[in-house]
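Let's take a walk through this protein together, moving from one group of side chains to the next. Please have the model open beside you as you read.

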Amino acid sequence: MSPTVAVGIDLGTTYSCVAVLQNGRVEVIPNELGYRVTPSYVAFTDTERLVGNAAKNQAAMNPKNTIFDVKRIIGRKFMDETVQKDIRFWPFKVQNVNNHIKIKVEYKGRTKSFTPEEISSMVLMKMKETAETYLNQKVKDVVITVPAYFNELQKQATKDAGTIAGLNVLRIINEPTAAALAYGLDKGTQIKKNILVFDFGGGTLDVSIVAISEGSEYEVKATAGDTHLGGADLDNKIAAHFVGEFKREYSEDISESPRALRRMLTACEQAKIILSCRNETCINVEALFEGIDFSTKFTRARFEVVCADLLSSILNPVERALADAKLDKSEIDEVVLAGGSTRIPKVQNLLSEFFDGKQLNKSINPDEAIAYGAALQAAKLTGNMDNLVKDIILKDITPLSLGIEVQGKLMSEIVKRGTTIPTKLTKTFTTVEDYQTSMVVKVYEGERPMIKDNILLGSYRFTGILPALRGVAELNITFDINDDGILNVIMEDPSTRQSNKLLIKDEISRLSKEEIERMLAEAELFKEEDEKNKKLAEIRNKLEHFTYDVKRAVGAAGDKLSELDQKSVLEACDNAILWLERNTLADIEEIQFELSELQIISSSKMANLYNQGQYE
């Protein structure tokens, strides 16, 4: 193995996955429990921070301090309609701080607030540690995937999360593009194909049309999607339906109880999964609310009716992508599925019917394909000359148009949606007033003609323009989009050669350099704390196991140990267990002292067994 290794991370809404290319094959890396995907959950308790399975497993007992679905709000503003919609379903507290999002939790008896980037960084750090444990070496370089329809702010926020996690983000790539890489390498195709990747995950729906030629060149022709349509929305829809049913039957509203709502949501999610392979299941939640048990039959047909509006909308991005690519559906050679929500039979039926009965391609694992593709790209970017990746050429596109505000509060487009990246385009603008010496450049992203309907990315006042009549003085504005799809704006006065770069300011939702540095320091503290908690758990386990080992040895010794010594040792063991139960907040040194005391007592009373080699 090379001294450094780069991994690919699929940072998902509900689950995340990490993969690596080594020894000529891509390996999806299992976590400490052996699972190949890890819940994108972070929880805070009175004693520790939990990430992944441990966090999700205690969500119903600790709903207000268990964070999930954070990908749905990363890079967004608090007042966004989609953010306001999601807040209604979440048991944890989301705060408005100058239209920035902060997530409020109780941790070790204190109130703390975290940005979505910080929570995402904790999930990324978990994936980093998972990879390091498996590979037995440090991991720094990474490719992270994002939905194809993520805007500039969302992509940059994801990159910031990687930085906070202590990672060197080589590139941000689109999820369906990563899935296309996985498909292409799996098939080893040597002929040109148009494939449509339908990526329906926990929080987002992405559709990309990719032309694959000679097995190594991947050119994205079009992309479309919905960053707020995924399996979680189906779960919420089912849960809302049964919350209403519970209210009608028992005149009780469980929506005011975070714990009850979380348990209902978990049961509905499980039912949805079961209905992907069975026609019928039951939703059973004991003592859901005020001691009332909830039990109901749930069929696949009923699921499809409850979620009909959401399911019917999944074809809209398919139609948009085909239109943008200027392709007829008959020109699509393969429809490739990615994302766990593509397992839903109705989703598959709708897609197959749309493509006139075409058989859908399910050859790649929908949960792992995106991390697989990201790992290939990570290997390519770090100079790995493995035959799998050495000839890969990846050409992605911009998902949304980019431009600036001009007179009349209109957006003047500089980069059109669907432009191949990287790209660098320049447009010249003139002053609108006589003897104007400065110009405010406001950068927007979106497809609407009026700026109010698009996303403001940043603004800058360019000064020092030579005074002249309106329409005479010029300003060249260059949009430089890198391989990540991240934008740099350069403004230049051609008469003076004065130039400036636009920095997307903190108040436009980006984290400042100082904030990122602060979060990096806090992340390091969490890392130290997690390590301490791990050692604490290990020493507690060591003491507990030792007591039971000693008890077994006493039982096995029989009459070789006097009755008085047996009683003394067993009493010391029972006292140690009791001490552990009563001192849940004891530190490592205190537990080590108790262990040492028990070891001294047991060794002194059982010395003759040690000497005879009958107890070790």
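Is Glu 245 buried or exposed? With a relative accessible area of 16%, Glu 245 is buried, because anything under 20% falls into that class. Bear in mind as we go that this is a predicted model.

Glu 245 has a charged partner. Arg 302 forms a salt bridge with Glu 245, and their closest N and O atoms are 2.5 Å apart. Arg 302 belongs to helix α8 (residues 300-306) and Glu 245 to helix α6, so this pair ties together parts that are 57 residues apart in sequence. Unlike the buried Glu 245, Arg 302 is partly exposed, at 25% relative accessibility.

Staying with helix α6, let's turn to rings. Phe 242 lies in this helix and Phe 294 in strand β17 (residues 292-299), so their pairing connects parts that are 52 residues apart in sequence. The ring centres are 5.9 Å apart and the planes stand at 65 degrees, so the pair is edge-to-face. Both rings are tucked away: Phe 242 is buried at 0% relative accessibility, and Phe 294 is buried at 2%. They belong to one aromatic cluster, which also takes in Phe 246, Tyr 250, Phe 298 and Phe 303.

Strand β17 also holds Ser 295, and here the picture changes. Ser 295 is exposed, with a relative accessible area of 54%. Its side chain makes a polar contact of 2.4 Å with the side chain of Asn 284. Leaving aside neighbours within four places in sequence, Ser 295 is in contact with Ile 283 and Asn 284. The C-alpha atoms of Ser 295 and Val 285 are separated by 6.4 Å, although these residues are 10 apart along the chain.

Back in helix α6, there is another charged side chain to visit. Asp 233 meets Arg 72 in a salt bridge of 2.5 Å, N to O. Arg 72 sits in the loop between β7 and α2 while Asp 233 is in helix α6, so the bridge ties together parts that are 161 residues apart in sequence. Asp 233 is buried at 7% relative accessible area, as is Arg 72 at 2%. Together with Asp 86, these two residues are linked in a network of salt bridges.

Which residues does His 228 touch, not counting those up to four places away in sequence? They are Arg 72, Arg 76, Thr 82, Asp 86, Gly 203 and Asp 233, so the list includes every member of the salt-bridge network. His 228 and Asp 86 are joined by a polar contact of 2.4 Å between their side chains. His 228 is found in the loop between β15 (217-226) and α6 (231-250), and it is buried at 8% relative accessible area.Our last stops are elsewhere in the chain. Arg 417 forms a salt bridge with Glu 447, with the closest N and O atoms 3.1 Å apart. Arg 417 is partly exposed at 28% relative accessibility, and Glu 447 is partly exposed at 34%. On the surface, Tyr 435, Leu 469 and Val 472 form a nonpolar patch with about 320 Å² of accessible area together. Tyr 435 lies in the loop between β23 (423-430) and β24 (438-445) and is exposed, with a relative accessible area of 53%.

Conventions: Residues numbered from 1 in each chain as written. Predicted model: local features only at pLDDT ≥ 70, side-chain atom pairs only at ≥ 80, totals over all residues. Heavy atoms only, no water. Patch = residues over 30% accessible without salt bridge, like charges linked within 9 Å, V, L, I, M, F, W, Y side chains within 5 Å. Areas by Shrake-Rupley, 256 points an atom, 1.4 Å probe, with all protein chains shown as cover. Salt bridge = Lys/Arg side-chain N within 4 Å of Asp/Glu carboxyl O. Helix = DSSP H or I, 4+ residues; strand = E, 2+ residues; numbered from the N terminus. Buried < 20%, exposed > 50% of the residue type's maximum accessible area, 1.4 Å probe, protein only. Polar contact = N/O pair within 3.5 Å; in protein donor to acceptor, adjacent residues only side chain to side chain. Contact = heavy atoms within 4.5 Å. Phe/Tyr/Trp six-rings, centres within 6.5 Å; stacked < 30°, edge-to-face > 60°.
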